[in-house]
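Hi everyone, thanks for making time this morning. I'd like to walk you through one structure, so let me put it on the screen.

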Amino acid sequence: MAKKKVMFECMACGYESPKWLGKCPNCGAWNQMEEQLVAPTVSATSPIHITTSRKKTSSHAVTLDQITLSSEERMATDFQEFDRVLGGGVVQGSLVLIGGDPGIGKSTLLLQVSMQLARQHTVLYVSGEESLTQIKMRASRLGTDADKFYLLSETDLSTIASEIQRIEPTIVVIDSIQTMNVPEHTGTAGGAGQLRVATSILMRIAKENQIAIFIVGHVTKEGNIAGPRMLEHMVDTVLYFEGERHNRFRMLRAVKNRFGSTNELGVFEMMDIGLQEVLNPSELFLEERIVGAVGSTVVAALEGTRTILAEVQSLMTPTVYGNAKRTASGIDYQRVSLLLAVMEKHCGLLLQNQDAFFKITGGIKLDEPAIDLAIAVSIASSYWNHPTNIDDCFIGEIGLTGEIRRVSQIKERIKEVQKLGFKRVFIPKNNFAQLDKMESLEIIPVATIKEAIYKIF
Ligand code: TYD
Ligand code: MG
């Protein structure tokens, strides 16, 4: 028997080293090296090889005009939100990774989506985490029953591969990749080596047989230990399912997509009958605002191709002892620190001895420059204890000299602001020329944060 080789692999990024290292030289993670036994005969292209006669892709080079685009390449689900995040439906032969915290609802989402698809396509749902009865119970709670829906409770990838060969599904769900095990490859299930081999085998199965495969990957708090980050470059599309566990909203976001745009956001609501899509998220995010609130502003933020209105809240209170505390949920901490400094320098607010807390309501995460103005105004409102107007909305990026900078897609943003019945919107002066006058909405151009504050309060 061939001698077994020992390798150390970084659980965060998959970096391999012949000896143990405290810090991974590739990604810088500490204490992530784990011992892996590697049988010399095994490579990433392992012996599991299935090919059915269906739609085998040719390996001859062709010119562009020889390639015909057919419109059936995408399969639609009942969830518009899901299809939009994927770039217009499920692409045949694509490998999609859905990452997210344990318990956030990944299995629920994929079970619902795959049962919808099973009305027209053959689906194989493989679970390495739950028994068939558990899945059946959940499936009957979610309502729909489909006859082309196959369930398999299995963790051995070679058994799964032969079931795929037998059933010939169009869609396969692997829940989760961490529980999958390639017997020919030593190393613990969920370890970096196993994860990578399993994913590359699934990729080949997807491409050779034109099967759309969804793989679930659990992400831990640090976002790197459980491995999905390492798999991102191997798959076609990476979706993250996120949200606060105690909040009913869940966001599906595309962070990588070979078949569509990234940053597209789909919003769902977790109900007792499973997930329901939210087609008008702005209304829901704004419904709990109160009139005359201090430190609350509304921003029109761009999420992929869609504008979403969300509420920014901030709270400034004098620091009691020690250093000022700052926390931000739903917005980048660096961004708010910078805005606090800008407000201190250009608007004369004394913020260094204030604790500052920030929150985007509804559990949504906002990460684009145009949210700056809304954050800055909410800081001033809370600091001066001066309520903001419930009919105002704010759009604009703020620079270090206190200037309000032009933002992209102003027309789309304004359209959504108007649709939701706001009376006034503050926008960057340089965007003003692009807009036509509106009857129901007063558009107020501002050039600096100082000017904005002066006009608002
Ligand atoms: P699940 O899909 O198992 O999460 P994941 O696969 O990401 O680990 O979701 C589990 C949570 O969702 C669980 O806490 C219960 C909740 N849930 C509902 O609120 N309603 C439902 O209809 C279902 C099926 C689950
Ligand atoms: Mg699950």
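Let me start with a question for the room: leaving aside its neighbours within four places in sequence, which residues is I104 in contact with? Keep that in mind for a moment, and do remember that this is a predicted model.

First, where are we? I104 sits in the loop between β6 and α2. Now the answer: once the neighbours within four places in sequence are set aside, the contacts of I104 are F241, E242, G243, R245 and R250. I104 counts as buried because it has 21 C-beta neighbours inside 10 Å, and the cut-off for that label is 20 or more.

D101 also has its place in the loop between β6, which spans 95–100, and α2. This residue has 18 other C-beta atoms within 10 Å, so D101 is classed as partly exposed.

Both residues turn up in the UniProt record too. In that unreviewed entry, the annotation "binding site" covers G100, D101, P102, G103, I104, G105, K106 and S107.

That brings us to the ligand. There are 14 residues around ligand 1, and those that come nearest are G105, K106, S107, T108 and G274. Two elements give two or more residues to this shell, namely α2 (106–117) and α3 (132–141). The largest share is from α2, with three residues.

And for those of you thinking about chemistry, how many residues of each class does the shell around ligand 1 have? Six are polar, four are nonpolar and four are charged.

That's my tour, and I'm happy to chat about any of it.

Conventions
Residues numbered from 1 in each chain as written. Chains lettered and ligands numbered in written order. Predicted model: local features only at pLDDT ≥ 70, side-chain atom pairs only at ≥ 80, totals over all residues. Near = placed C-beta within 6 Å. Helix = DSSP H or I, 4+ residues; strand = E, 2+ residues; numbered from the N terminus. Nonpolar A, V, L, I, M, F, W, Y, C, P; charged D, E, K, R; others polar. UniProt positions renumbered as here; feature names shortened; annotations may be inferred. Buried ≥ 20, exposed ≤ 12 C-beta atoms within 10 Å, placed from the backbone. Contact = placed C-beta atoms within 7 Å.
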